[in-house]
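Please look over the structure shown below, with attention to how its strands are ordered and how its helices pack.

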Amino acid sequence: MKLALYERKVAEWAHNHAEELGLLRKVVTAEYIWNPGGFVNQSYKITDGKRWRHIKLARKENVPALKQWMQVNSLLMSDFKAPTLICEIKEELVPGYPYGLVFEYFEGKPLSGNDQVAESVLHKLQQLHSSSKMKEHLTRMEPITYADAFTEEYITRFQADLSIIEAEKDLLSFVDEQTLHFFHQEVDDLQERVCEDEAFRGMASDVVHNDMNWHNVLVDDTGGYRIIDWDDLTSSGDAAMDYSVFLWPFYQTAGWDFWREKVEGLAGEDILDRMHYYFRAKLLDEVIDVLADYIEAEELPEIKNLTQEKAMTTHLEALTKYKALYNGK
């Protein structure tokens, strides 16, 4: 990966499209945005020194998801706090990334302990999950159960990550064979429990964001916020997924009862049963998925050390917590 070269290519494209982007043509610079959560897409911040824009580029296999975001963005902007879309990018600025979107850059920081914003986001999620307007605009999918939705979101991802980890395990000096075996056992056990639980037998027909971590809720100094990264939006999902990811920082804390009651009031008691399994999967994801990121970072020399250090720390902390909460349970 040649970040400096790619930054220049993105800046050159932005310079040539400055009028469309609302930028001055004289000086346009681009800066790669490091994402510690993975490398599925690439993001860049471009600026003329006075205005800023955010570019998101998608790999070929993820282009349909980004195009869907573009198609429903007007509704997302008006009803669900999505960022302002400026235009599409229909050329390959970076090798392997043939499509992208450009948004106004929102000057905010990831959500962190702002209960007022968190409560507002919960209400937005409840509206999203039951939005008939959104369902009308999204691609119709074959009916699936909540168990299928859980498997698609987590189990399939775990299995793919474990294949990468097994193939490149020599790079992971801090992960031994016994631990790898433990990962496989936990994934199999989690899948079996979900498939047997009656709470997952209903049909998954909720409209869900599917990646509601706090890094995807940007909050400015006035308390205004935007919800970003709508790539995984689907109308065949489980609201428990959104609630569990978003409320994960509150789980197992002294304030959890407050947030549990909020979810129960918004979505009903049944959803809490599924959230229990989603919380477990969320923590297991922090254990396993970051190891795949650690391996992929070998191809990214400019950010390799930073990414691998972050991944190893996250893995070890999550593994200790996971064993304390779930080992043998």
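The report that follows takes up the sheets and then a pair of helices.

## The five-stranded sheet

In this predicted model, five strands form an open sheet in the order β1-β2-β3-β5-β4, and their pairing is antiparallel. Because β1 (29-33) and β4 (85-89) stand at the edges and each has a single partner strand, one side of each is left without a neighbour in the sheet. From one strand to the next, the twist averages 25°.

Within this sheet, strand β3 (residues 52-58) and strand β5 (residues 99-104) run antiparallel and are joined by six bridges, with G100 of β5 serving as the bridge partner of L57. Helix α1 (residues 3-16) packs on the sheet, where it touches β1, β2 (41-47), β3, β4 and β5, and its direction makes about 130° with that of β1. Helix α3 (residues 63-80) also packs on the sheet, touching β3, β4 and β5, and its direction makes about 25° with that of β5.

## The three-stranded sheet

An open sheet of three strands, again with antiparallel pairing, follows the order β6-β8-β9. Here β6 (109-110) and β9 (225-227) are the edge strands, each with a single partner, so one side of each lacks a neighbour in the sheet. Two bridges connect β6 with the antiparallel strand β8 (residues 217-219), and K109 has V219 as its bridge partner in β8.

## Helices α8 and α10

The axes of helix α8 (residues 239-247) and helix α10 (residues 270-296) come within 8 Å and cross at roughly 55°, which makes α8 oblique to α10; the crossing is right-handed. Residues making the contact include M241, Y243 and L247 of α8 and I271, R274 and F279 of α10. The contact residues divide into 10 nonpolar, one polar and two charged.

Conventions: Residues are numbered from 1 along each chain as its sequence is written. This is a predicted model: local features need pLDDT of at least 70, side-chain atom pairs count only at pLDDT 80 or more; totals for chains, interfaces and linings use all residues. Side-chain values use heavy atoms; hydrogens and water are left out. Axes are lines fitted to C-alpha atoms, for helices over the stretch in contact, and angles run from 0 to 180 degrees between N-to-C directions. Helices (H or I, at least four residues) and strands (E, at least two) are DSSP runs, numbered from the N terminus. Angles under 35 degrees count as roughly parallel, over 145 as roughly antiparallel, 65 to 115 as roughly perpendicular and the rest as oblique. A crossing is left-handed if the near helix is turned anticlockwise from the far one by less than a right angle, and right-handed if clockwise. Contact means heavy atoms within 4.5 Å. Ala, Val, Leu, Ile, Met, Phe, Trp, Tyr, Cys and Pro count as nonpolar, Asp, Glu, Lys and Arg as charged, and the others, Gly among them, as polar. Two strands pair if DSSP finds at least two bridges between them.
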